[in-house]
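Here's a quick briefing to read with the model open beside you. Let's start with a single side chain and work outwards from there.

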Amino acid sequence: MKLVETKLKDVWIIEPTVHGDHRGYFMESYNKARFEAAGLHFDLIQDNHSLSSEVGIVRGLHFQRAPKAQTKIVRVLTGAIYDVAVDLRPGSPTFGEWVGVHLTEENKRQLVVPKGFAHGFCTTAPYTQVLYKVDEYYSPEHDGGIRWNDPELGIDWPVEQPILSDKDRNQPSFRSFVEQSESLITEAR
């Protein structure tokens with residue numbers, strides 16, 4: 001397994017060791033001891049699996065608020081995605097910045113999206129299946145999102161007319177997220 005740094009602290013690309021021959025291939029997609037030896041410490045407790053039938057489906061940008069924030073390890077089983085992580089950590093030097101990575105069934109790369117980040121992807125192949133391993137259970141009360149094409153974020157998506165859920169079409173702007181987060185911090189004081 002090889003860990004590749006991205007421009008955002010704590011967001012990693014994982015390149016697994018793949019053993020292949022005429023029959024196919026074998027790889028470890030997750031090994032807790034190896035991840036911890038590489039400095040990645042989290043307890044994965046739930047798998048989520050999505051199927052997107054068409055090219056140009058955008059899912060996201062999603063996150064869960066503390067105390068139910070999630071670290072995710074994202075991988076593609078079939079097809080391909082452009083996977084995006086956006087830094088939402090208050091006080092982070094990269095707050096509001098994003099990184100995008102192509103994950104495909106061929107390259108077998110995985111993306112570690114830590115707590116405090118929004119996550120989303122766009123399918124670039126039909127019948128794409130994505131598996132997410134997470135370290136916290138889904139909590140509807142802590143569910144949050146940001147508009148996929150917010151101009152303040154400037155994400156360079158590989159689609160102009162995406163296929164969206166109603167939920168994703170109506171997510172708030174990044175500015176609304178920032179203002180809401182600031183008011184929550186003020187109210188907590």
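Is Arg23 buried or exposed? Arg23 counts as exposed, because its relative accessibility is 70% and the exposed class begins over 50%. Keep in mind that this is a predicted model. With that said, here's the rundown, from the whole chain down to single residues.

**Overall build**
- The chain has 3 helices and 13 strands.
- Its radius of gyration is 17 Å, close to the 16 Å that the globule rule gives for 189 residues, so the chain is as compact as a globular protein of that length.
- Along the principal axes, the C-alpha atoms fill a box of roughly 60 × 40 × 30 Å.
- Of the 189 residues, 47% are buried.
- If you take the contacts with a separation of 6 or more, 78% of them are between residues 24 or more positions apart.
- The chain exposes about 10,100 Å², and carbon and sulfur atoms supply 50% of that.

**Salt bridges**
- Side chains of opposite charge can pair when their charged atoms come close.
- The count here comes to 15 salt bridges.
- Back to our opening residue: Arg23 meets Asp21 in a salt bridge, at 2.6 Å from N to O. The two ends sit in separate classes, since Asp21 is partly exposed at 38% relative accessibility, while Arg23 is exposed at 70%.
- Lys133 and Asp47 also meet through their side chains, at 3.2 Å from N to O. That pair links distant parts of the chain, with Lys133 in strand 12 (residues 128–134) and Asp47 in strand 5 (residues 46–52), 86 residues apart. Asp47 counts as partly exposed, because its relative accessibility is 45%.
- Lys115 forms a salt bridge with Asp135, and the closest N and O atoms are 2.5 Å apart. Lys115 lies in the loop between strand 10 (110–113) and strand 11 (117–123), and Asp135 in the loop between strand 12 and strand 13 (143–145), so this pair ties together parts that are 20 residues apart in sequence.
- How does that pair fare for burial? Lys115 is partly exposed, with a relative accessible area of 38%, whereas Asp135 counts as buried at 12%.
- There's a network as well: salt bridges with shared partners join Lys9, Asp10, Asp87 and Arg89.

**Aromatic rings**
- The structure holds 8 aromatic pairs.
- Ring pairs link four phenylalanines, Phe63, Phe95, Phe174 and Phe177, into a cluster.
- Two lysines are placed over rings. Lys7 lies over the face of Trp98, 5.6 Å from the ring centre. Lys108 has its charged end over the ring of Tyr25, 4.1 Å from the centre.

**A look at Thr124**
- You'll find Thr124 in the loop between strand 11 and strand 12.
- Thr124 counts as partly exposed, because its relative accessible area is 34%.
- Leaving out residues up to four places away in sequence, Thr124 touches Val55, Ala80, Ile81, Tyr82 and Pro158.
- Where does Gly145 come in? Thr124 and Gly145 are 21 residues apart in sequence, and their C-alpha atoms are 22 Å apart in space.

Key: Residues are numbered from 1 along each chain as its sequence is written. This is a predicted model: local features need pLDDT of at least 70, side-chain atom pairs count only at pLDDT 80 or more; totals for chains, interfaces and linings use all residues. Side-chain values use heavy atoms; hydrogens and water are left out. Rings of Phe, Tyr and Trp (its six-membered ring) pair if their centres lie within 6.5 Å; planes under 30 degrees apart count as stacked, over 60 as edge-to-face and the rest as tilted. A charge sits over a ring if NZ of Lys or CZ of Arg is within 6 Å of the ring centre and within 35 degrees of the ring normal. A salt bridge is a side-chain nitrogen of Lys or Arg within 4 Å of a carboxyl oxygen of Asp or Glu. Buried means under 20% relative accessible area, exposed over 50%, partly exposed in between (1.4 Å probe, protein chains only). Helices (H or I, at least four residues) and strands (E, at least two) are DSSP runs, numbered from the N terminus. The radius of gyration is taken over C-alpha atoms; the globule rule is 2.2 Å times the number of residues to the power 0.38. Contact means heavy atoms within 4.5 Å. Accessible areas come from the Shrake-Rupley method with a 1.4 Å probe; for residues, only the protein chains shown count as cover.
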